[in-house]
Amino acid sequence: MRHTAWLQAAPRAPDNSKAEPVSRLKRQQQERGDARWQPPMPPVHAGHHLLGYLWEVGPTMPAGMGQGPVTQQELAAWQHNTGIQLQAWEARALRTLSVAYLGAWSDAQDPNAPPPWRPEPSAQQLNTVADTLRDRLRKGAR
């Protein structure tokens, strides 16, 4: 959830910039020239249905002067409208996911915010790094 929020956040532009903020995902898609490209995502080991529900409800909702987490009232209205009856633990989990998304999205407004998740490097990438490091150490030892 936090990685999705990081990708969807549009980092603040420098104070003197008049450029329209663009989400990290949109920027990556533009750099690749493919509007449908999706980056690798962290594995989800359980609760796939909850993620689907959260995207249906919306990970956040308007609140005051910005965004807020999904409320119990919003979840109750969603359940009524869809005919889906959440168990108590599912409703709590959806609120927890919403709060996590909102916190990560807020933190990701910082242009220097690191991604909360990175894919595991492949064996080939690890070998390349090892070869490069070995070559540099050999050159330094001469």
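**Pocket, core and a helix**

Visitor: How much space lies in the largest pocket?
Guide: Bear in mind that this is a predicted model, where local features need pLDDT of at least 70, side-chain atom pairs need 80 or more, and totals for chains, interfaces and linings use all residues. Numbering starts from 1 along each chain, and side-chain values use heavy atoms, without hydrogens or water. A pocket here is an open set of 1 Å grid points where a 1.4 Å probe fits, with protein on both sides within 12 Å along at least five of seven lines. Filling the points, joined across faces, edges and corners, with probe spheres gives the largest pocket about 240 Å³.

Visitor: Which element gives the largest share of its lining?
Guide: The lining (an atom within 4 Å of a point) has 13 residues, with M1, T4, P42, V44 and L51 nearest the centre. Going by DSSP runs (helices H or I, at least four residues; strands E, at least two), two or more lining residues come from each of α1 and α3. With 3 residues, the largest share belongs to α3.

Visitor: Which residues does L54 touch?
Guide: L54 sits in the largest nonpolar core (buried Ala, Val, Leu, Ile, Met, Phe, Trp, Tyr and Cys joined through side-chain atoms within 4.5 Å; buried is under 20% relative accessible area, 1.4 Å probe, protein chains only), among 11 residues. α3 gives the most to that core, 4 residues. Leaving out residues up to four places away in sequence, L54 has contacts (heavy atoms within 4.5 Å) with M1, P59, L94, L97 and S98.

Visitor: How far apart are the end C-alpha atoms of α5?
Guide: The expected span is 1.5 Å times one less than the number of residues. For the 20 residues of α5 that comes to 28 Å, so the model agrees, with the ends at 29 Å.

Methods. Buried means under 20% relative accessible area, exposed over 50%, partly exposed in between (1.4 Å probe, protein chains only).
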